[in-house]
Every structure is written in C-alpha cells, then in structure tokens.
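Welcome, and thanks for taking a look at this one. Here is a short tour of a sheet, a helix and a pair of cysteines.

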Amino acid sequence: MALVFGIFLLVGVPAAVLVQWKIQQRPKPFQLIDVSGADYARGFQLPDQNGVVRGLQDFKGEVVAVFFGFTQCPDVCPATMTELVQAKKLMGAQGAKLRGIFVTVDPDRDTARVLKAYLGNFDPAFLALRPNPEQLERTVAEFRIHVRKNPGVSPMSYTLDHTAASFIYDPQGRLRLYARHGAGAAALAAGAKLLLDGA
C-alpha cells in the first residue's frame with residue numbers, strides 16, 4: 001500500500017503540475033483588452049453624416065469598431081482609421097462584416113459635408129456620427145472617455161485632446177474589446193474574426 005501511495009506521489013503530483021502548466025500556457029483568445037460584461041459604452045443613438053439616427057441595433061451580424069475623434073486631428077485619428085481599413089483587408093471576405101464608426105467630438109467644425117469627405121479618404125462603408133453638444137456630453141459620459149478643448153489663436157483654431165481608443169462590439173451588439181491606440185491592424189483583425197466566429 002505504501003509503495004502504491006509512493007508511486008502516486010511520484011507520478012500524480014507532477015501530472016497535476018503539468019496540467020496546471022498547460023492551462024496557464026494556453027494562448028489568450030484576444031490580443032486586445034477583453035472588456036466583456038462592462039457596464040459602460042453600452043450603446044448610442046446618434047445621427048450619422050446623412051442625418052439618419054443610428055444605434056447598435058442597426059449593425060446586427062457585424063463587428064462594430066467605434067472610435068472618437070475629429071477631422072482636424074493631425075495624427076491619432078487618421079492613423080486609427082487607417083488601421084481599421086487595414087484590419088478589414090486582413091480579414092479577407094469577413095472584412096465586409098467589420099464596420100468602422102467615427103464619432104466626432106468636434107461637431108462645430110465637423111459638418112455633415114466635412115465628415116462625408118473625411119470618410120472618403122478611408123472607407124466609404126464606414127460611418128460618421130455627429131452628435132449635438134448635449135448628445136456629445138451624454139455619450140462622452142456613457143463611454144467614459146476624456147475630451148478637452150484647447151483654445152487657439154482664433155475662436156475656430158482650437159485643438160482637442162481626446163481618448164484614443166476603439167470600442168469593439170460583437171455581432172449581437174455587446175461591448176467585448178477595447179483597443180488602445182496603436183494596437184495594430186493584425187490584432188484588430190484577429191479580434192474581429194474571433195467575434196464573428198462566436199468567441
């Protein structure tokens with residue numbers, strides 16, 4: 001009996017350690033930050049560049065990437081939009097189900113005409129949302145993002161600081177992933193494909 005117990009200790013314990021090690025070594029399914037179940041950024045009801053009010057319910061079956069910015073942003077915003085376009089290409093045929101949504105934090109300067117032209121530089125299938133000041137305030141609070149206006153030399157030459165991240169929703173309209181600025185097109189594409197596959 002003592003011999004059997006000794007063999008168990010020699011074989012069973014290392015096996016248990018090996019199983020635990022294998023569990024810890026499994027790759028995480030997402031390269032982006034998993035925020036599934038978050039109690040913020042639950043949705044929006046905002047007019048797009050054509051004046052049509054849009055909400056997450058309009059994009060069932062698609063992965064939606066929501067990004068806040070402004071068209072006069074010199075670097076972060078165009079870089080993020082370019083990443084979304086690249087991610088869509090990396091996804092191949094599934095790329096048709098990745099929807100980029102640009103929410104302007106500068107509705108005074110970002111008119112409908114300006115937003116349409118801006119989207120034309122990236123992907124015409126993407127949408128721009130243009131909240132009025134009250135809607136913007138509510139949306140900023142719901143998404144818990146930072147927006148700060150910095151005065152310029154003239155009333156319309158101000159700049160804006162804002163949170164540079166994308167909020168990724170699954171095909172059921174649930175917030176699942178948070179992509180920091182510079183996460184990369186490959187990580188965005190991989191995350192979107194996993195969500196489309198039911199992850």
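## The hairpin

Let's begin with a turn: β9 and β10 form a hairpin, with five residues between the two strands. Within that turn, Gly173 has a positive phi of about 85 degrees. Please keep in mind that this is a predicted model.

The hairpin strands pair in the antiparallel sense over five bridges. One of the pairs joins Ile168 to its bridge partner in β10, Leu177.

## The sheet around it

The hairpin belongs to an open sheet of six strands with mixed pairing, in the order β1-β10-β9-β4-β5-β6. Strands β1 (33-34) and β6 (127-129) stand at the edges; each has a single partner strand, so one side of each is left without a neighbour in the sheet.

On one flank of the hairpin, β10 (residues 175-180) runs antiparallel to β1, and two bridges join them. Here Leu177 turns up again, as the bridge partner of Asp34. Strand β9 (residues 165-169) also pairs with β4 (residues 63-69), antiparallel and over four bridges. Val66 has Phe167 in β9 as its bridge partner.

## A helix on the sheet

Helix α2 (residues 76-90) packs on this sheet and touches β4, β5 (98-104) and β9. The direction of α2 makes about 170 degrees with that of β5.

## The cysteines

How many disulfides does the structure hold? The count is zero. Two cysteines are worth a look all the same: Cys73 is buried, with a relative accessible area of 9%, and Cys77 is buried too, at 0%.

Note on methods. Residues are numbered from 1 along each chain as its sequence is written. This is a predicted model: local features need pLDDT of at least 70, side-chain atom pairs count only at pLDDT 80 or more; totals for chains, interfaces and linings use all residues. Side-chain values use heavy atoms; hydrogens and water are left out. A disulfide is a pair of cysteine sulfur atoms within 2.5 Å. Buried means under 20% relative accessible area, exposed over 50%, partly exposed in between (1.4 Å probe, protein chains only). Two strands pair if DSSP finds at least two bridges between them. Contact means heavy atoms within 4.5 Å. Axes are lines fitted to C-alpha atoms, for helices over the stretch in contact, and angles run from 0 to 180 degrees between N-to-C directions.
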